[in-house]
Amino acid sequence: MNVINTYQKVQDWIQPICRIVVKVSDRILFFLGIIAILGVIYDIGFEDSGDDVEEFRSFYLLYIIACLIIGAIRIFFNIFYLGKPLRQKIIEFVLLVLFAGGYELLTQRQNWQGISFLYESYIYYIYPVFFLAFLYSISKNIASFYSKKANASFLLFSTFFLLSGLGTVGLLLPKSTHDGIGFIDALLTSVSAVCTTGLTVVDTSSTFTGFGLWIIMLLMQFGGLGVMTFAGILGRMFSSGISFQQQMLLQDTIMGEKMSEIIDLGDKLSEVMGTIYKIVFVTLLVEGIGAFCLYLISLEYAFDSAWDRIFFSLFHSISSFCNVGITLSSDGRIIETNHWYQLIIAFLYIIGGIGFPIVFAFYSQIKNFIRNIYNKIFLRQHYSFPAHSFGVNPKIALWTTFILTVLSAVVIVLLEWNNTLVQETFIEKIIGVFFLATTPRGAGITIVDMELITYPTALFYMLMMWIGASPAGTGGGIKTTTFAVAFLNVWNIAKGNETLVIFGREVGAESMKRIYAVLSISIVLMGVFTFLVYSFDGELALMNIVFEVFSAFNNCGLSLINTASFSPESKVVLTIAMFGGRVGSLTLFTAFLYKRSKKKLKYPSQEIIF
Amino acid sequence: MDKKHYQQFLDWTLFYRKRISESISGFILYLGIVFFFVFVYDLGFAQNIQGEQYLRNFYRVVKWSLTLFFLGRNILNIFNDSKSLRIKILDFFILLILVFLTQLYSLEGTFNEYLSFLPSYKYFITPIFSLIFFIEFSRNAVSYYSPRLNPALILVLSFVLIVFIGTILLSLPNSAIRPLSFIDTLFTATGAVCVTGLTVIDISQDLTLLGQLVILILIQIGGLGIMTFASFIGFMFSGTNVSFQQRLLLREIANSQRMNDVISAVYKIIAMMLVIEILGALMIYQLVPQTMFDNQFDQIFFSIFHSVSAFCNSGFSNYPEGLQHVDLRFNPFFLLSMSFLIVLGGIGFPIMLNFYEYIQLQVKNIWNYFVHKKRFVHVPYLFNLNSRIILIVTGVLLVVGTLGVFVFEYNGVLREFNFFEKVVVSFFTSATTRTAGFSVIDFSAVHFPTYILVVLLMWIGASPGSTGGGIKTTTFAIMVLNFFTLSKGENYLIIQNRRITPYSINKSFAIVTLSLLLIGLAVSMISYFDPQFSLEQIVFESFSAFSTAGLTQGITKGLSGDSKLVLIVLMLIGRVGAIVFLSAFIRNPRSQLVKYPQQEIQF
């Protein structure tokens, strides 16, 4: 008894200290991390001459030592601290070990002179370590930025804002470009990459250095992942009807705080985290396979080195899957002669745009199929068919995508077969039609000269851009489900029904109102942006401007004329349009979930005459 | 003969009386159809002396047959107890007129010497015949409505029918000064019936007085809504033998909520419309300078034409140059009176009925207060939610439009006006864009902000149940308020302490979606057929046609035939209402017995 009492007393006394130590060290490490990352950026971005390599080395060493000391104290207190899950303690320990490795590398490198790779390239070890530590630090501290009152829309907004800002700074670094780049151009490129749009004002391959291209690639990757995770998780919450309070808790858990409070929500939490892991995993898998295929198909003689060829493939794979559409061929069109290349790109952006619920479903189908074959051959077991229930949303998305693709193909065949595609062979034309029919709904990569497409094609493209890709995908637009509901609603009202039923499910009034709002606000905003661009660039044809605004707002990336021919003011407007288009619809989705009216009044209902 | 025998006699003759009565109705109907064609032929083609002789004989036959039929019907009426007194009186009145005509119009085909000042027997006798046949036709019209028929389809078909009749009338040689192509005639007729105001011809130069009169009648019918018209006539002359389901149908057509009100509402609508149009015509007559016209008849016709055209939100003008004529353009009071007519026409009949009730109540209150010393009676919620929304939105849009045009064009197309005129022209433009379609300023010369504003205002259009088009003010209000409600986090869309039903929101959504899709489709098609025009011009034209506004940037006459056809269909859909048009073909409600589980949609 006595021992337990004493233990309890010690605990009561030691826990607050632990908490304070952990909190304080969190803050310190966070600010140290920022300084270190800034140093790294400076090192990468500005220094070409090797004069102050030693100075940077000591700077890094200092940071590592500081981290080691503080980390060691933390680890010590971690042993006694109960308010922290074991997983975090393990992560911290691993990080500490990694930092110790960095210390070893920096101080003892004379002993390793034989291993020249490590000697010359210690940065390739410490940069990732710093980055990991910084990420962990952010995840620990971010909760104080996103206070409990902040909602998902703010989180979404600030995430994309920060990414775009960081990207702009990164692209402005002297090392990113060969001859420098203006602020607005850098901003537009960064936002274009993060918001998975693909509008560019400079020639990507000739303006940016390898470092700059890496930044763009990372921005595209994070932008695409960000969209998928936000849209996916929030969308799942919305469609599964989790309440406001639960969402708040979930949000907190994503930030890594308040673990104790959500024990009862553990299942939901693991579902959410599992979803994120799955999204990242499937994304990387698809992109990896895509890059591999592109690598195989690309022509070897077109590249200076194997590394160039790998990077080229990877860049295009990510650009396609994330529906960005920034390409490295100098005239903005991907290798026109290689039609299998186009086909793979098309598949990549379709998979990216169709939304991960559908991709998951297919993924598990394929996984199951492979497992079945394996079991059949090696274990001599029977096939097993798991029950696959496609939800209503994926069904709508798939059907709409299919119908729109067929419709677009017909329109393209009618309008472009003898126009822009006239020089191709039959097979190439077929692939070209497929490509041109699918690219306006998010990807924005083009294989023909956009200035030559017919007027009605351009108008049709605007509709397709507006409709966009499917929910929880990387594409833009108002989304296929939105359009499907809008269209079916028209049909339904004309038929004389009161409620809309799709696939045996009644569409909720709440969804209807939201979809209506998304649709109306998208049109209003595009009108405003068009108006602004027109007032800055009145000399351009309205068609070109409207097309550009549609492309920017719906995160597509096609343009009828070179985006560079717009004035700087218009470029800013287009940047805002891209950002608004990306964040806007998701915000509408989420923002207002948080402020439910507490009104207890019930008003008499009233029909409106139209 | 005592009463019992009399009754037996009645029962015995019931079958025969019915048969005779039906045959009389049938004969009159067929006679009416024949008369219509002959009359059109008479009006439309120049006649030689022999032709005149034939026609005179034909009219004589018509007159005698009609007299005979109505005599027979009146005799039958004596024994018929089921017919209402009003109908019997009407029948008797018609018979009186016919008998009177035999006295007026001698067998030689010339008028009685007292009436020799009248130009021709034709202009006197044929309108009377037309009226009689029209009444007769309308009496039967209600019984043609079958509850199984889709009301939307009836509406669409009736518009199409009127358009075709209008086209035939305008194609007559006597209607046009120069021969018009079929597509142009069709376009003009559709433009008139759909109260659009887009023209590919010059009404004042290309049409004769007859043609212009046809246009005027088409505008009037189109503006009032054919169904309102037909149902009015039908109820007025067919008494009370209208089935419940037919009333239900009419309620849907007349767009009224309360069943019993339909008939009286239709009466009031017609009455108010006539009063307003007559007052408008008087005002216009006073305000336009006489120097503009050759004779007084021209001035009167001008006034009536413009009053009807403005009230019906049509936008046709029968004066060369239209309202851009110097004497009209710089005539602020004329423009103001036109604006008021446009606004009154565009505000909708339901709200006018509301006003009527309101004024009626106030007058009664005042009367009671001073005469009977009674206290004022307050009727709660006299202005219903729809009226309130319409009033507020109309007011806001008028002000926004006026301010917008005034500010954006102060140094633009308004440069030539003085300050007061600028304000008036801005107001007029703001009113006319909400689907009247008169243009005082040149819309191809406006600045881009004005362009966007005008397109937006055209798209929103007038109010429900009015003579104007567009998606309607209520639709727009729901669209805007839905967004703000969501952003405020309310569970329901609540306006003025009333919860808007999800169905209303869905319907508003459907209207907006369909309007945009149709306009987009039309723009694509026109740009395919006529690639020489810029996007601005085509978009403007398409919005104008769909909203039945009739403003143009001046490309209508240069469009190819295919594009004109696109605009014709677009105008028709816009007038009928896109959703109604669609439901004319696919209306087939799902059973209400099954309730499906709810599902929220991801986007």
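**Notebook: aromatic rings and the A–B interface**

I began with B:F301, which counts as buried because its relative accessibility is 8%, below the 20% limit for that class. The model I am reading is a predicted one.

**Entry 1. The partner of B:F301.** I looked up which ring pairs with B:F301 and found B:F297. The two rings are stacked, with 6.3 Å from centre to centre and 10 degrees between the planes. Both residues belong to helix 12 (residues 296-311) of chain B, where they are four residues apart, about one turn of the helix. I then checked B:F297 for accessibility; at 45% it counts as partly exposed.

**Entry 2. A second pair in chain B.** I turned to B:Y369 and B:F370, whose ring centres lie 5.2 Å apart. Their planes stand at 85 degrees, so I recorded the pair as edge-to-face, the class for angles over 60 degrees. For accessibility I noted 40% for B:Y369, which is therefore partly exposed, and 56% for B:F370, which is therefore exposed.

**Entry 3. Aromatic pairs overall.** I searched the whole structure and obtained 56 aromatic pairs over all chains. In chain A, I noted one aromatic cluster formed by A:F59, A:Y60, A:Y63, A:F99, A:Y127 and A:F130.

**Entry 4. Charges over rings.** Which lysine has its charged end over the ring of A:F360? I found A:K278 there, 4.8 Å from the ring centre. In chain B, I recorded B:K422 over the face of B:Y410, with 4.0 Å to the ring centre.

**Entry 5. Extent of the interface.** I listed the contacts between the chains: 78 residues of chain A touch 71 residues of chain B. The two chains bury about 7,500 Å² between them, and carbon and sulfur atoms give 66% of this area. On the chain A side, I noted A:Y516, A:I609 and A:F610 as the residues that lose the most area to chain B; together they account for 13% of what that side buries.

**Entry 6. Polar links across the interface.** How many salt bridges join chain A and chain B? I counted one. I identified a salt bridge between the side chains of B:K595 and A:E506, at 3.3 Å from N to O. The search for polar contacts across this interface gave me eight residue pairs, both residues of each at pLDDT 80 or more. I last asked which helix of chain A gives the most to the side that touches chain B. My answer is helix 19 (residues 509-536), with 18 residues.

How values were computed
Residues numbered from 1 in each chain as written. Chains lettered and ligands numbered in written order. Predicted model: local features only at pLDDT ≥ 70, side-chain atom pairs only at ≥ 80, totals over all residues. Heavy atoms only, no water. Phe/Tyr/Trp six-rings, centres within 6.5 Å; stacked < 30°, edge-to-face > 60°. Helix = DSSP H or I, 4+ residues; strand = E, 2+ residues; numbered from the N terminus. Buried < 20%, exposed > 50% of the residue type's maximum accessible area, 1.4 Å probe, protein only. Lys NZ or Arg CZ within 6 Å of the ring centre and 35° of its normal. Contact = heavy atoms within 4.5 Å. Buried area = accessible area lost by both parts, 1.4 Å probe. Salt bridge = Lys/Arg side-chain N within 4 Å of Asp/Glu carboxyl O. Polar contact = N/O pair within 3.5 Å; in protein donor to acceptor, adjacent residues only side chain to side chain.
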